[in-house]
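Q: I am new to this structure and would like a close look at a single part of it. Please choose one piece and walk me through its surroundings in one connected answer.

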Amino acid sequence: MFKKTFYLVPILFLFSCASKQESQNVSWYKDQVIEQLEPQGDSTYRVQIGIMASSFWLTKDSKDFTKHFSLLENSLKNRNHLDIGVENGSNKIILIKK
């Protein structure tokens, strides 16, 4: 029992440190509705969140593009609220949560 706990603690610590570093590079826009979702070239979509004047970008090369695009499109059509994580300094959308 002690050996299992001994190995489990460093693994849990490693995962907790990794998630904190990811969240430090993200600005969250909570409970937002999408107002515009427009293609900009072949690999990028321009996204307007709420009534903000700034634009955010969703690129097709992100690993969860299909899932994120579906959530954004659903919010645009049905006025569903989302939490949107934007990479600091780039306005690139990297995380979306319902």
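A: Two strands count as paired if DSSP finds at least two bridges between them. Helices (H or I, at least four residues) and strands (E, at least two) are DSSP runs numbered from the N terminus. The model is predicted, so local features need pLDDT of at least 70 and side-chain atom pairs pLDDT 80 or more, while totals for chains, interfaces and linings use all residues. Numbering starts from 1 along each chain, and side-chain values use heavy atoms, without hydrogens or water.

Let us settle on strand 3, which covers residues 44–49. Strand 3 belongs to an open sheet of 3 strands in the order 2-3-4, with antiparallel pairing. The edges of this sheet are strand 2 (34–39) and strand 4 (56–59); each has a single partner strand, so one side of each is left without a neighbour in the sheet.

Start with the strand 2 side. Here 5 bridges join strand 2 to strand 3, and the two run antiparallel. One position to find is P39, whose bridge partner in strand 3 is Y45. Strand 2 and strand 3 also form a hairpin, with 4 residues between them. In that turn you can pick out G41, which has a positive phi of about 85°.

Now move to the other partner. Strand 3 and strand 4 pair in the antiparallel sense over 4 bridges. Y45 turns up here as well, standing opposite L58 in strand 4. Helix 2 packs on this sheet too, touching strand 2, strand 3 and strand 4 (contact means heavy atoms within 4.5 Å). Strand 3 and strand 4 make a hairpin of their own, with 6 residues between the strands. G50 in this hairpin takes a positive phi near 55°.

How many residues of strand 3 are buried? The count is 6 of the 6, so strand 3 is largely enclosed by the rest of the structure; buried means under 20% relative accessible area, exposed over 50% and partly exposed in between, with a 1.4 Å probe and protein chains only. Both faces of strand 3 are covered. On one side the buried residues are T44, R46 and Q48, and on the other they are Y45, V47 and I49. Y45 counts as buried because its relative accessibility is 15%.

Let us stay with Y45 and turn to its ring. The structure holds 4 aromatic pairs (rings of Phe, Tyr and Trp, its six-membered ring, with centres within 6.5 Å; planes under 30 degrees apart are stacked, over 60 edge-to-face, the rest tilted). Among them is the tilted pair of Y45 and F69, at 4.8 Å centre to centre and with 50° between the planes. Y45 lies in strand 3 and F69 in helix 2, so the pair ties together parts that are 24 residues apart in sequence. F69 is buried as well, with a relative accessible area of 17%. Add F65, and the three residues Y45, F65 and F69 form one aromatic cluster.

It is worth following helix 2 a little further, to a second sheet. There 3 strands form an open sheet in the order 1-5-6, with antiparallel pairing. Its edges are strand 1 (26–32) and strand 6 (93–97), each with a single partner strand, so one side of each is left without a neighbour in the sheet. Strand 5 (residues 82–87) pairs with strand 6 over 4 bridges in the antiparallel sense, and G85 stands opposite L95 in strand 6. Helix 2, residues 65–78, packs on this sheet, touching strand 1, strand 5 and strand 6.

Notes:
Axes are lines fitted to C-alpha atoms, for helices over the stretch in contact, and angles run from 0 to 180 degrees between N-to-C directions.
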